[in-house]
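Work through the exercises below with the sequence and the 3D structure open. Try each task before reading its solution.

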Amino acid sequence: MLHPYRITDLGGEKNPLYKDPKAPIEERVNDLVARMTLEEKVLQLNQYTLGRNNNVNNMGEEVKKLPAEIGSVIYFDTDAELRNGLQRKAMEESRLGIPVLFGYDVIHGFRTVYPISLGQACSWNPGLVEQACAVAAQEARMSGVDWTFSPMIDVAHDGRWGRVAEGYGEDPYTNGVFCVASVKGYQGDTLADERRVAACLKHYVGYGASEAGRDYVYTEISKQTLWDTYMLPYEMGVKAGAVTLMSAFNDISGVPASANRYTMTEILKDRWKHDGFVVSDWGAVEQLVNQGVASSKKEASLKAFQAGMEMDMMSHGYDKYLADLLKEGKIPEERLNDAVRRVLRVKFRLGLFDNPYTKKSTEEERFLLPSSLEIAGKLAEESVVLLKNEDNVLPLSASAKIAVIGPIGKNKWNLLGSWSGHGRDGDVVSVYEGLEAEFKDKSRLLYAKGCDFEGEDESGFAEAVAVAKQSDVILLCLGEKKTWSGENASRSTLALPQIQEKLAMELQKTGKPIILLLSNGRPLELNRLEPVSKAIVEIWQPGVAGGKPIAGILSGRINPSGKLAITFPYSTGQIPIYYNQRKSGRSHQGFYQDITSKPLYPFGHGLSYTEFEYGAITPSATVVKRGEKLTVEVPVTNVGERDGAETVLWFISDPYSSITRPVKELKFFDKQLIKAGDTKVFRFDVDLERDFGFVDENGKRFLEAGEYYIMVKDRKVKIELVD
Ligand code: BGC
């Protein structure tokens with residue numbers, strides 16, 4: 001470890017250029033870099049933890065003595081006092097007074113926790129997600145956090161992987177759109193705004209392909225798949241201005257993401273011209289030794305740094321070895337300077353040199369503001385997906401007596417979901433409380449827990465059955481604990497533990513209709529629960545709004561509008577199953593012998609209390625040339641009796657091309673409220689290159705002449721592209 005330096009003056013210079021708030025950022029960066037010693041530069045490229053670390057998966061030792069020159073710290077506090085203390089040390093006790101950058105995992109809210117990202121995606125409402133991220137940014141920045149390790153935009157096809165909860169589902173474009181929304185929400189128009197934070201796109205790249213859904217493992221990704229499945233959201237996020245990225249833990253077909261020059265330098269820096277920096281995931285530098293591409297931490301540091309990773313999160317590789325590697329001539333000075341410039345650039349953009357300290361504020365001024373809670377509530381509402389509603393059993397009749405049963409019914413903690421920042425269970429409205437507030441007549445509600453999330457204890461079944469018998473309808477609240485998804489939280493099956501399924505079977509015997517409410521962090525295997533349920537409502541892990549939306553959905557106050565952003569397989573054995581699979585050579589054969597080959601609920605599935613009828617798609621032309629404009633429109637009529645919001649998902653399919661392409665690909669979506677009886681016209685401005693074209697295995701875009709289909713729901717239109 002390097003030793004803190006003694007303070008020396010700047011050669012009598014009172015106002016060096018880099019301290020001049022009016023000077024252009026690039027000039028300030030260059031001026032500062034020119035003044036820095038090798039040791040000072042190296043320290044800028046390290047991230048330590050400040051105080052405790054609340055990620056149980058990361059066992060790195062707490063760094064007791066933080067050098068005043070440290071580049072960044074992970075800061076797990078809610079109050080800026082600790083931050084300001086360290087910042088003061090950096091500003092006043094280090095030779096150059098370079099501010100520290102404070103990072104934290106603000107994943108789906110800081111204190112006002114909103115739904116997990118997988119749920120957010122099911123809202124198809126990026127505008128709302130942008131607002132939620134802006135709330136998270138405000139709470140975080142006012143608490144002393146400058147930088148969030150979010151959004152996670154890892155496309156994932158395997159629900160066993162716990163981190164599927166943290167991303168926006170199985171589709172690259174959907175991940176891209178929500179990525180852009182969150183980057184805008186976090187970063188706003190200017191990072192110097194005291195209510196915004198720097199975003200970090202993670203985990204770059206391909207982490208979602210984790211083999212068999214196990215975390216931290218190998219990922220088998222061909223170059224073609226890397227491009228058409230995993231890169232798009234990152235490209236969109238970089239274009240939207242995300243100032244940092246985090247390199248992933250996975251080994252991409254032989255070259256770990258954290259030592260991957262192709263992705264971190266050739267693509268990110270050379271092709272996409274990203275001028276911010278890449279931070280490693282926690283310990284990812286030293287893990288290169290475990291992965292087998294480096295025989296020592298020193299070699300790992302060299303490989304990671306040369307590949308294009310600028311900041312080492314808690315491996316203590318860069319702080320120990322970069323200076324030696326430079327002196328040994330293994331690292332060119334220009335690469336070191338470039339890395340430092342990238343880190344400093346972000347600090348200047350955040351305004352940290354000019355406003356290094358966080359202003360004092362009370363928790364009331366920062367957290368759970370009425371407007372923040374409203375956004376979290378609205379997002380939770382729109383994330384709910386009505387999967388089944390046989391005989392329109394929902395909404396419930398005004399007098400129905402409801403038996404609330406199951407481990408989710410009165411639980412609050414688990415509704416927060418993984419990575420719940422500083423969320424507290426006391427902030428959450430339980431499902432039962434939500435119902436109490438919705439249905440003023442309390443005599444309509446009965447409760448029995450029935451069983452726990454797991455285990456074999458059936459002693460609560462009898463009470464649950466008794467309560468069910470006294471009711472008109474059973475609201476069976478099943479699901480997952482928050483610790484069952486997120487990092488290092490894979491499951492071997494998507495089925496709920498047997499005890500929960502058994503409870504459902506017992507309750508079914510009462511003959512009372514079962515409304516199955518699910519709260520979970522991944523798609524579930526529901527083939528045994530589906531037949532015994534009249535209705536199924538997926539609420540994901542909704543955050544502080546908890547049971548409020550479901551109560552409104554049961555009463556009919558809210559008309560559900562969510563649609564799945566990830567496929568619910570019929571059974572776990574179907575994995576990987578996702579809507580945009582490539583075509584089969586025999587689509588009429590190749591099915592499973594024992595079960596259906598179809599998913600239980602496909603991507604895009606979600607019911608409403610009203611019905612929408614789609615008219616024919618009208619294209620502005622059926623024959624187009626390269627470079628021409630094409631617009632398609634479809635009228636959608638609300639033919640039911642309630643107002644409702646509909647999301648139109650626009651897919652394209654390219655039947656024949658020089659490489660095989662998926663059966664269909666989502667290219668655009670749009671959500672609009674349609675009043676009962678009204679018609680709205682949805683419009684998609686097609687960009688031929690972007691939407692009809694495809695990328696090859698090096699990300700090069702091609703557009704071939706031929707026929708294409710544009711599709712929405714059960715409608716399609718053929719377009720011919722001629723040369
Ligand atoms: C996770 C990252 C997270 C980091 C810092 C890692 O273990 O993979 O997603 O941002 O820890 O907490």
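The exercises deal with cavities, a ligand, a pocket and some backbone details.

This is a predicted model, in which local features need pLDDT of at least 70, side-chain atom pairs count only at pLDDT 80 or more, and totals for chains, interfaces and linings use all residues. Residues are numbered from 1 along each chain as its sequence is written, and side-chain values use heavy atoms, with hydrogens and water left out.

**Exercise 1.** Find how many cavities of 30 Å³ or more the whole structure has, and describe the lining of the largest cavity.

Solution. Start with the term: on a 1 Å grid over the protein atoms alone, a cavity is a set of points where a 1.4 Å probe fits but cannot get out, and lining residues have an atom within 4 Å of a point. The search finds three cavities of 30 Å³ or more. The largest cavity has a volume (the space filled by probe spheres set on the points) of about 120 Å³. It is lined by 16 residues, and N55, N58, D105, D281 and W419 are the closest to its centre. Last, sort the lining by class (Ala, Val, Leu, Ile, Met, Phe, Trp, Tyr, Cys and Pro are nonpolar, Asp, Glu, Lys and Arg charged, the others, Gly among them, polar): seven residues are nonpolar, four polar and five charged.

**Exercise 2.** Locate the ligand and list polar side-chain atoms beside its oxygen atoms.

Solution. The ligand sits in the largest cavity; to sit there, more than half of its atoms must lie within 2 Å of the grid points. Next, take the residues around it (a heavy atom within 4 Å): there are 14, and D105, R163, H203, D281 and E487 come nearest. Now look for polar contacts (pairs of N or O atoms within 3.5 Å; within protein, one must be able to donate a hydrogen and the other to accept it, and residues adjacent in sequence count only if both atoms are side-chain atoms). Polar side-chain atoms lie at 2.6 Å from a ligand oxygen for D281, 2.8 Å for K202 and 3.1 Å for N58. The protein covers 100% of the 310 Å² of accessible area (Shrake-Rupley method, 1.4 Å probe) that the ligand has on its own.

**Exercise 3.** Follow R95, a lining residue of the second largest cavity, to its polar partners.

Solution. The second largest cavity has a volume of about 60 Å³. Its lining includes E40, Q44 and R95. R95 is placed in the loop between α3 (80–93) and β3 (101–104); helices (H or I, at least four residues) and strands (E, at least two) are DSSP runs, numbered from the N terminus. The side chain of R95 makes a polar contact of 2.7 Å with that of E40. A polar atom of the R95 side chain also lies 2.7 Å from the backbone oxygen of R35.

**Exercise 4.** Which peptide bond at K202 is cis, and where does H203 lie?

Solution. The bond joining K202 and H203 is cis, with omega about -5 degrees. H203 lies in strand β5 (residues 200–204). A further cis bond runs from Y204 to V205, with omega near 5 degrees. V205 is in the loop between β5 and β6 (218–219). Y216 lies in the loop between β5 and β6, and has a positive phi of about 70 degrees although it is not a glycine.

Key: 1 Å grid on protein atoms, 1.4 Å probe; cavity = no way out; pocket = protein on both sides within 12 Å on 5 of 7 lines; lining within 4 Å.
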